[in-house]
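Biologist: I would like a close look at one part of this model, the protein surface near the DNA. Please take me through it in one go, and then follow the thread into the protein around it.

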Protein chains: 2
Amino acid sequence: MAEPTSRRIETRQRILDAAGLLFRQHGIDGVGVDAVMKQAGLTHGGFYAHFASKEALAAEVARSLLEKSARSWDEISRTDDPGPALRRIVAGYLNPEKVASGLCCSLTSLGPDFARRSASRSAVGGALRGMLEALARVMPDPHDGDSGSPNRHRGNALAALSTMVGAVVLARLADDPELARAFLDAAAASILPERTNTTG
Amino acid sequence: MAEPTSRRIETRQRILDAAGLLFRQHGIDGVGVDAVMKQAGLTHGGFYAHFASKEALAAEVARSLLEKSARSWDEISRTDDPGPALRRIVAGYLNPEKVASGLCCSLTSLGPDFARRSASRSAVGGALRGMLEALARVMPDPHDGDSGSPNRHRGNALAALSTMVGAVVLARLADDPELARAFLDAAAASILPERTNTTG
DNA sequence: TGTACATCAGTGAACGCGCGTTCACTGATGTAC
DNA sequence: TGTACATCAGTGAACGCGCGTTCACTGATGTAC
């Protein structure tokens, strides 16, 4: 009983993946336990062998989705040079197809849901800090001469993450695809050092 | 029957206000029609004399809350000079007490909920554009010499709104009040022309 | 001013349904000898 | 290799509850004469 079998672990992960998909599409309250289990190829009764409650599942989904993002950003931030790394992170986050498909970062589709559930809220704390650290690592120095200020990169990372999250929230809310696209483009332009725009 | 009585109008507004409060606190799916009516000082049965369904209520709440913001920003943008106007709008939006109380802009607490409900989504389109126009009106020229570019203010407004929305979403999600505060401060600093920080 | 009536906003019991959760059971897997 | 048994992941019927919605009714308000 001490070690869970590998089959158990796989099933648990399948449930987490199914919930991660459906919760982002329909919100946590918009998806029942039975729908999650069906998506995972199981029946609803077995759910409680893997999670104590739907709340506990939500918290695990929150943790697992955001830790995946944090790991990805961390790796990019340590592998690439800062400039290309930042561009990869931002372009990946603000990718219009991903946003339209609804498979974008859970912060943008479930942020308020997580914020209202204390278990989910505390589950994401670590990953959130990890994302900020990765972002701070690849932030450019500001164009005024203030590159010495120690917290400057952190402040820029906080603002950049805010801009990305907000842009995706607003792009998904916009009724018009052109406006959606404008949010994503404007956010990317405001985070990345100016250089992309035209030849003027 | 043509003209609704003033009493009817007042009651309808009381329901809208109650729903605006409770939906922002607990999410749309987290609040029942009976809770909304009780908060409005009525019993649940009377609800359907005022709204066709809970969905219709959600859409009206979306419209009414965001149009209120749009009107407020519009007035500020036409009354004050651009600099002070922008500062008032940003400081009002990123106010830490308002964020902590949960009475902040509905985009940050219900944005994803609205985005998933087509009626709500189309109900907010106009107000969203109104908010962007007000914001564009008070945006400063960029510090590079590109002040002639006609869409530059619009792009800045899109990015600024994204930053504000994202910062509040993240501040409410952060488990630590200090981190919450840092999101709000960093967002304000990144939107407002640099000048507030220290005497350096 | 007073009476009779029509209107209609709001009441509260009742409905069917879907949800989260429980539990006795099944049947496949693995271990002991 | 073969048999007997223990384990345990997954099944599916059942539960109580709360939700969105309906509807026959009440009682206050306003109008007609």
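Modeller: Happy to! In this predicted model, the largest share of the surface near DNA strand C comes from α1(B), which gives 3 residues. In total, 19 residues surround DNA strand C, and the closest come from both chains: Val33(A), Tyr48(A) and Lys54(A), together with Thr11(B) and Thr43(B). Sugar and phosphate make up 69% of the atoms of DNA strand C that come within 4 Å of the protein.

Three of those closest residues are worth zooming in on. A polar backbone atom of Val33(A) is 2.6 Å from a phosphate oxygen of DNA strand C. For Lys54(A), a polar side-chain atom lies 2.6 Å from a phosphate oxygen of that strand. Chain B joins in through Thr11(B), where an N or O atom of the side chain is 2.7 Å from a phosphate oxygen of DNA strand C. The elements that give two or more residues to this surface are α2 (33–39) of chain A and α1 (6–26) of chain B. By class, the residues near DNA strand C divide into 10 polar, 5 nonpolar and 4 charged.

Now turn to DNA strand D. Here 19 residues surround the strand, the closest being Thr11(A), Thr43(A), Val33(B), Tyr48(B) and Lys54(B). Of the atoms of DNA strand D within 4 Å of the protein, 67% belong to sugar or phosphate, and the rest belong to bases. Two side chains of chain A reach phosphate oxygens of DNA strand D: Arg8(A), with an N or O atom at 3.0 Å, and His50(A), with an N or O atom at 2.8 Å. From chain B, a polar backbone atom of Val33(B) is 2.6 Å from a phosphate oxygen of DNA strand D. The elements that give two or more residues here are α1 of chain A and α2 (33–39) of chain B. Of these, α1(A) has the largest share of the surface near DNA strand D, with 3 residues. The class split for DNA strand D is 5 nonpolar, 10 polar and 4 charged residues.

Since both chains appear beside each strand, let us see how the chains meet. The contact takes 50 residues from chain A and 50 residues from chain B. About 3,700 Å² is buried between the two chains, and carbon and sulfur atoms give 63% of that area. Between chain A and chain B there are 5 salt bridges, and 6 residue pairs are in polar contact with both residues at pLDDT 80 or more. On the side of chain A that touches chain B, the elements giving two or more residues are α1 (6–26), α6 (106–116), α7 (118–138), α8 (152–173) and α9 (177–191) of chain A. Among them, α8(A) gives the most, with 15 residues. By class, this side of chain A has 21 nonpolar, 15 polar and 14 charged residues.

The helix α1 of chain A also leads us to salt bridges within that chain. Arg12(A) and Glu60(A) form one, with their closest N and O atoms 3.2 Å apart. Arg12(A) lies in helix α1 and Glu60(A) in helix α3 (residues 54–79) of chain A, so this pair ties together parts that are 48 residues apart in sequence. Arg12(A) is partly exposed at 29% relative accessibility, and Glu60(A) is partly exposed at 21%.

Further along, the side chains of Asp74(A) and Arg137(A) meet in a salt bridge at 3.3 Å, N to O. Because Asp74(A) is in helix α3 and Arg137(A) in helix α7 of chain A, the pair ties together parts that are 63 residues apart in sequence. Asp74(A) counts as partly exposed at 24% relative accessibility, as does Arg137(A) at 33%.

Finally, one pair crosses between chains, from Asp175(A) in the loop between α8 and α9 of chain A to Arg129(B) in helix α7 (residues 118–138) of chain B. Their side chains meet in a salt bridge at 3.0 Å, N to O. Asp175(A) is partly exposed at 36% relative accessible area, and Arg129(B) is partly exposed at 31% relative accessibility. Back in chain A, salt bridges that share partners join Arg12(A), Glu60(A), Arg63(A) and Glu67(A) into one network.

Conventions
Residues are numbered from 1 along each chain as its sequence is written. Chains are lettered from A and ligands numbered from 1 in the order in which they are written. This is a predicted model: local features need pLDDT of at least 70, side-chain atom pairs count only at pLDDT 80 or more; totals for chains, interfaces and linings use all residues. Side-chain values use heavy atoms; hydrogens and water are left out. Contact means heavy atoms within 4.5 Å. Buried area is the accessible area (1.4 Å probe) that two parts lose on being put together, summed over both. A salt bridge is a side-chain nitrogen of Lys or Arg within 4 Å of a carboxyl oxygen of Asp or Glu. A polar contact is a pair of N or O atoms within 3.5 Å; within protein, one must be able to donate a hydrogen and the other to accept it, and residues adjacent in sequence count only if both atoms are side-chain atoms. Helices (H or I, at least four residues) and strands (E, at least two) are DSSP runs, numbered from the N terminus. Ala, Val, Leu, Ile, Met, Phe, Trp, Tyr, Cys and Pro count as nonpolar, Asp, Glu, Lys and Arg as charged, and the others, Gly among them, as polar. A residue is near a molecule or strand if one of its heavy atoms lies within 4 Å of it. Buried means under 20% relative accessible area, exposed over 50%, partly exposed in between (1.4 Å probe, protein chains only).
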